[in-house]
Amino acid sequence: MSKFDPRLGVSSSPRVVGPGEAVPKGGGRYTLGVPYQVGGRTYVPQENPNYRAEGLASWYGEDFHGRLTADGEVYDMHGISAAHPTLPLPSYVRVTNLGNGRSLIVRVNDRGPYHSDRLIDVSAQAARLLDFHGDGLARVRVEYVSPAPLEGSDDSVLLATLRNGAPAPAPSPILLASSKPFLPQFASRGVAPRGPVPMPPDRPYTLGNGRDAAEARPATEVSSAARSRKVDMAFNARFAADRMPPMTAEVPRTPSPVQAFGPAPADANPSMMTGRGLY
């Protein structure tokens with residue numbers, strides 16, 4: 001059911017999501033609109049990438065929860081969104097509470113507010129994050145950031161932009177949730193799949209199961225190059241064994257015990273380290 005505001009001469013949009021029901025995200029359309037009048041005042045929507053203004057911010061909540069926004073989305077009081085009378089829809093703006101330094105990127109997807117002293121209307125959740133929900137109003141700075149995507153929910157991405165004492169960073173487009181796949185679909189562009197990869201000539205074993213495995217040579221079939229390598233390796237091993245000096249033949253079977261902590265001989269070098277010095 002819509003609500004008519006006699007002071008402004010406009011009606012609220014119909015409620016499409018009931019209390020307690022999940023609010024769908026996205027699904028709107030890009031729109032700017034033509035100049036319009038509300039409450040005897042004319043508003044002129046326009047593209048302005050350099051938009052920056054300071055004024056009062058308010059918030060709106062349960063009365064509008066579940067109703068359609070100006071760009072066709074559904075307003076969620078628990079989301080991070082806002083209404084602005086002239087900025088493109090949907091778009092991202094940076095809202096900074098000048099009273100406490102908190103800064104947040106919000107999604108502008110609705111029109112309003114239409115009070116003469118108001119600059120922007122943020123959702124109830126955005127007002128809590130900016131820490132003026134209990135006060136109702138706050139003096140803020142609003143700066144245009146970029147267009148916002150149409151698909152999916154961006155609440156978690158926008159929440160990550162919250163800063164205290166520093167400007168909120170622009171949301172990363174890589175992190176934005178979307179109903180479309182992130183990777184391009186190469187098959188849809190007519191790229192023909194490649195055929196089976198041929199086996200290398202000197203590889204006597206298989207690589208997995210399937211057609212490639214059936215076409216691989218059996219393990220008993222070895223190329224002449226592989227047999228030559230085996231002969232060379234065997235010859236080298238025998239040659240090394242013949243030339244290797246006996247490493248253990250000269251070690252006595254019953255070596256004399258070592259007195260690690262015994263006194264040093266009288267003719268020993270006094271600068272030599274004894275066994276005690278190793279501990």
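Reader: What makes D154 and R107 a salt bridge?

Author: The closest N and O atoms of D154 and R107 are 2.8 Å apart. A salt bridge needs a side-chain nitrogen of Lys or Arg within 4 Å of a carboxyl oxygen of Asp or Glu. The pair therefore qualifies. This is a predicted model, where local features need pLDDT of at least 70, side-chain atom pairs count only at pLDDT 80 or more, and totals for chains, interfaces and linings use all residues. Residues are numbered from 1 along each chain as its sequence is written, and side-chain values use heavy atoms, with hydrogens and water left out.

Reader: Which parts does the pair of D154 and R107 tie together?

Author: D154 lies in the loop between β10 and α2 (155-159), and R107 in strand β8, so parts 47 residues apart in sequence are tied together. Helices (H or I, at least four residues) and strands (E, at least two) are DSSP runs, numbered from the N terminus.

Reader: Why is D154 called buried?

Author: Its relative accessible area is 5%. Buried means under 20%, exposed over 50%, and partly exposed in between (1.4 Å probe, protein chains only). So D154 counts as buried. R107, with 4%, is buried too.

Reader: What makes E73 and R107 a salt bridge?

Author: Their side chains meet at 3.0 Å, N to O. That value satisfies the salt-bridge rule. E73 lies in the loop between β5 and β6, and R107 in strand β8, so the pair ties together parts 34 residues apart in sequence. Both E73 and R107 are buried.

Reader: How do you know that R94 and E143 form a salt bridge?

Author: Their closest N and O atoms are 3.6 Å apart. The rule is met here too. R94 sits in strand β7 and E143 in strand β10, 49 residues apart. Both are buried. By this rule the count comes to eight salt bridges.

Reader: What makes strand β8 largely enclosed?

Author: Eight of the nine residues of β8 (residues 102-110) are buried, so the rest of the structure largely encloses this strand. N109 has its place in β8. N109 is buried, with a relative accessible area of 4%. Leaving out residues up to four places away in sequence, N109 touches T69, A70, D71, E73, S81, A82 and L89. Contact means heavy atoms within 4.5 Å.

Reader: How do you know that β7 and β8 pair?

Author: Six bridges join strand β7 (residues 91-97) to β8, and the two run antiparallel. Two strands pair if DSSP finds at least two bridges between them. Six therefore satisfies the rule. One of the bridge partners is V108 in β8, for S91. In the hairpin of β7 and β8, G101 takes a positive phi near 85 degrees.

Reader: Which other strands pair with β8?

Author: β6 runs parallel to β8, joined by three bridges. A83 stands opposite D110 in β8. Strand β11 (residues 163-164) pairs with β8 in the antiparallel sense over two bridges. There, S103 has R163 as its bridge partner.

Reader: Why is the pair of Y60 and Y75 called stacked?

Author: The ring centres are 4.3 Å apart, with 10 degrees between the planes. Rings of Phe, Tyr and Trp (its six-membered ring) pair if their centres lie within 6.5 Å; planes under 30 degrees apart count as stacked, over 60 as edge-to-face and the rest as tilted. Both values fit, so the pair is stacked. Y60 is buried, at 7%. Y75 is buried, at 1%. The structure holds five aromatic pairs.
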